[in-house]
Amino acid sequence: MWLSGKSSCEKSAINCDDMKTWFREFSFSSRERREIVDLTGQVLEAAGQSGIKNGLLVVQLPHATAALMLNENEEGLKQDILNKLDDLVPARGGYQHDRIDDNAHAHLKSALVGSSVVLPIVDGKVVRGTWQSFLAVEQDGPRRRRLAVFVMGE
Ligand code: ZN
């Protein structure tokens with residue numbers, strides 16, 4: 001069942017001649033080896049700076065040993081997420097990659113969770129749930145990380 005909808009290109013809801021793209025990267029630092037960093041403020045600010053009122057927001061964490069997810073920024077839940085990832089992928093698992101680098105578990109967690117999120121922007125608002133924060137899941141910190149924000153629309 002559709003909860004709401006809006007047409008594009010047809011009937012001038014969106015003028016496709018005005019389609020544009022916008023891209024920015026910003027950096028942030030993790031402080032722990034394993035940590036969840038809330039980037040919601042920066043992502044929403046970037047989306048607003050794009051000036052695009054209707055389109056797609058693509059948020060990409062360009063790293064192989066961290067992940068990006070949408071979820072609630074609540075202290076207990078953040079610890080639950082970190083603990084569950086450790087349960088699923090223990091740090092010492094006899095991994096092949098640990099023969100050349102000591103962070104196979106971080107790569108595997110990144111592979112499981114993913115590193116990008118795509119959301120609609122409608123009438124100037126990023127469409128997301130009340131408790132859906134943009135959370136970077138650091139697994140090989142502390143280090144400097146980047147986050148890329150791409151917006152396409154009108
Ligand atoms: Zn590695």
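**Exercise 1. Determine whether Leu61 is buried or exposed in this predicted model.**

Solution. Leu61 has 24 other C-beta atoms within 10 Å. The cut-off for a buried residue is 20 or more such atoms. Leu61 is therefore classed as buried.

**Exercise 2. Locate Leu61 in the chain and identify the residues it touches.**

Solution. Step one is the position: Leu61 belongs to the loop between E3 and E4. Step two is the list of contacts. With residues up to four places away in sequence left out, Leu61 touches Ala66, Ala67, Leu68, Ser115, Ala136 and Leu147. Step three takes one of these partners, Ala136. Leu61 and Ala136 are 75 residues apart along the chain, and their C-alpha atoms are separated by 7.8 Å.

**Exercise 3. Describe the largest nonpolar core and state which elements supply it.**

Solution. The largest nonpolar core contains 21 residues. Val43, Ala47, Val59, Ala136 and Val149 have the most contacts inside it. At least two residues of this core come from each of the following: strand E2 (35-38), helix H1 (40-49), strand E3 (55-60), strand E4 (66-71), strand E7 (133-138) and strand E8 (144-153). Among the contributors, E7 gives the most, with 4 residues. Val43 may serve as an example: apart from neighbours within four places in sequence, its contacts are Val59, Phe134 and Val149.

**Exercise 4. Give the order of the strands in the open sheet formed by 3 strands, and explain why one side of E2 and of E4 is left without a neighbour in the sheet.**

Solution. The order is E2-E7-E4, and the pairing is antiparallel. E2 and E4 stand at the edges with a single partner strand each, so one side of each has no neighbour in the sheet. From one strand to the next, the twist averages 30 degrees. The pairing of E4 with E7 can then be examined: 6 bridges join these antiparallel strands. In one of the pairs, Leu70 has Phe134 in E7 as its bridge partner.

**Exercise 5. Establish how helix H3 is placed, and which of its residues are buried.**

Solution. Helix H3, residues 104-113, lies across E4 and E7 and runs at about 35 degrees to E4. Its buried residues are Ala104, His105, Ala106, His107, Lys109 and Ser110. The cover over the buried residues of H3 includes E4 and helix H2 (75-88). Just after H3 comes Gly114, which takes a positive phi of about 100 degrees.

Notes:
Residues numbered from 1 in each chain as written. Predicted model: local features only at pLDDT ≥ 70, side-chain atom pairs only at ≥ 80, totals over all residues. Core = buried A, V, L, I, M, F, W, Y, C linked by C-beta atoms within 7 Å. Buried ≥ 20, exposed ≤ 12 C-beta atoms within 10 Å, placed from the backbone. Contact = placed C-beta atoms within 7 Å. Pairing = 2+ DSSP bridges. Axes fitted to C-alpha atoms, helices over the stretch in contact; angles between N-to-C directions.
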